[in-house]
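Thanks for coming. I will take a few minutes to walk through one model, so please look at the screen.

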Amino acid sequence: MAKDWGRRTKLVHQGARRSQYGEVAEAIYLTQGFVYPDASTAEARFLEAGPDEFIYARYGNPTVAAFEERIAAIEGTEDAFATASGMAAVSGALMAMLRAGDHVVSSRALFGSCLYVLEEVLTRYGVEVSFVDGTDGDAWQAALRPDTKAVFLETVSNPTLDVIDLADVARRAHAVGATVVVDNVFATPAFSRAVELGADVVIYSATKHIDGQGRALGGVICGSREFIRRTVEPYMKHTGGALSPFNAWIMLNGLTTLDLRVRAQAASAQAIAEALEGHPKLARVLYPGLKSHPQHAIAAAQMDGFGTVLSLDLKGGKEAAFRCLDALEIAVISNNLGDARSIATHPATTTHQRLPDELKAALGITPGLIRLSVGLEDTDDLIADLRRGLDRV
Ligand SMILES: *Cc1c(COP(=O)(O)O)cnc(C)c1O
């Protein structure tokens, strides 16, 4: 499918489909269904749809197919299936591949909704799930069993930015025949080397860096053609989590500029982390690009960049964090990430509010922690904004 192009060329051109009008920009095929030239064509297509033959938008659509082809090409998987949101991708991939009696091992530091799917939903249907500290290779080894069907992990983790050694986990998981499923939002498709390191299935919330401007929800499951078309597609097309053609068009255009945006945001995140490390009001600056980060070497080996998110742990706890947040003039207080606008979040009282205090403590989600998704503003302005915030503490 993918031509012998570099990542940036694929991000601009891969998957584009031109109609008979020869439009330059990708067309939005905003249609729920497709017309067949005659009854026997309809019969044949229902039996087995060929490439670029569509039946119903819940099954597939030309604009959605262009997005799937583009993301699969840069991720390095044979195929991809686009979904209505990142969570439709996570829940869809897991529900499609698992059945009662299966065992799953997952890292514990997960996005809240992922934790809900693994802990509350899968277990309701008889799937057994073991949670481990994802940074502890021995813990993965101890939890894996001959009947382990899948491992699930997020690396880099949210909001403490732990980096899991993906190649090590994949080696251990493959030894028992388990499928390695990675929620790869924080690595972003621009920096991902997940497939090369052994991931079988790579999932993105396209809502984050792929859109990159905070407009639309979307998600995607990347994997082998066999897995996407024989396992994921039947489940997704009958349960209804399809990506709308309009949102696919937004994501397709987001991919065009993804590499430039993410690299600029990561360079800015690195500069901010370095500028603020050692600040008297801060107990810790967490960013995988800092030499002080406990998994800096793993991050350097497994990603082409260190990501666009950093966390600041204020010594003064919740009150200090709130004062700092309220004083920011550029970064907005919200909970998305990967946006062109810098976004600051207080995880303990928002995204991770519902976690019991012991679990928050175990995950390092302290009362003083602020997560910052670095946008495309001038780096110097962002550093000045954060210094102003810290001065108010
Ligand atoms: C945002 C996010 C999701 C969920 O994505 P939605 O598009 O909001 O459904 C899943 N995993 C991670 C790591 C995320 O950051």
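Let me start with a question: where is L30 found? L30 sits in the loop between helix 1 (7-13) and helix 2 (39-47). Before I go on, the ground rules. This is a predicted model, in which local features need pLDDT of at least 70 and side-chain atom pairs count only at pLDDT 80 or more, while totals for chains, interfaces and linings use all residues. Residues are numbered from 1 along each chain as its sequence is written, and side-chain values use heavy atoms, with hydrogens and water left out. Helices (H or I, at least four residues) and strands (E, at least two) are DSSP runs, numbered from the N terminus.

Back to L30. This residue is exposed, with a relative accessible area of 63%. For the burial terms, buried is under 20% relative accessible area, exposed is over 50%, and partly exposed is in between, with a 1.4 Å probe and protein chains only. L30 also belongs to a nonpolar surface patch of about 280 Å², made together with I28 and F246. Patches are made of residues with over 30% relative accessible area and no salt bridge; like charges are joined within 9 Å, and nonpolar side chains (Val, Leu, Ile, Met, Phe, Trp, Tyr) within 5 Å. A salt bridge here is a side-chain nitrogen of Lys or Arg within 4 Å of a carboxyl oxygen of Asp or Glu. The areas come from the Shrake-Rupley method with a 1.4 Å probe, and for residues only the protein chains shown count as cover.

Now the sheets. Strands of a sheet pair through backbone hydrogen bonds, either parallel or antiparallel. Two strands are taken to pair if DSSP finds at least two bridges between them.

One open sheet has seven strands in the order 1-7-6-5-4-2-3, with mixed pairing. Its edges are strand 1 (79-83) and strand 3 (128-132); each has a single partner strand, so one side of each is left without a neighbour in the sheet. Direction ignored, neighbouring strands of this sheet are turned by 20° against each other on average. Angles run from 0 to 180 degrees between N-to-C directions, and axes are lines fitted to C-alpha atoms, for helices over the stretch in contact.

At one edge, strand 1 pairs with strand 7 (residues 219-223) in the antiparallel sense over five bridges, and A80 stands opposite C222. At the other, strand 2 and strand 3 pair in the parallel sense, also over five bridges, with V105 opposite S130 in strand 3.

How many residues of strand 2 are buried? Five of the five are, so strand 2 is largely enclosed by the rest of the structure. H103, V105 and S107 point one way, V104 and S106 the other way.

Two helices on this sheet deserve a mention. Helix 5 (residues 112-124) lies across strand 2 (103-107), strand 3, strand 4 (148-154) and strand 5 (179-183), at about 150° to strand 3. Helix 7 (residues 166-175) lies across strand 4 and strand 5, at about 150° to strand 5. In helix 7, L166, D168, V169, A170 and A173 are buried. The buried residues of helix 7 pack against helix 6 (137-143), strand 4, strand 5 and helix 11 (296-302), where contact means heavy atoms within 4.5 Å. After helix 7 comes G177, with a positive phi near 80°.

The loop between strand 4 and helix 7 has some backbone features. V156 is in this loop, and a cis peptide bond joins T155 and V156, with omega about 5°. P159 is there too, and the peptide bond from N158 to P159 is cis, with omega near 0°. L161 lies in this loop as well; L161 has a positive phi of about 60° although it is not a glycine, and counts as buried at 1% relative accessibility.

D52 also has a positive phi of about 60° without being a glycine. D52 is in the loop between helix 2 and helix 3 (62-75) and is partly exposed, at 47% relative accessible area.

Last, the other sheet. Five strands form an open sheet in the order 8-9-12-11-10, with mixed pairing. Strand 8 (282-286) and strand 10 (332-333) stand at the edges with a single partner strand each, so one side of each lacks a neighbour in the sheet. Strand 10 pairs with strand 11 (residues 343-345) in the parallel sense over two bridges, and V332 stands opposite I343. Helix 10 (residues 245-276) lies across strand 8 and strand 9 (309-314), at about 20° to strand 9.
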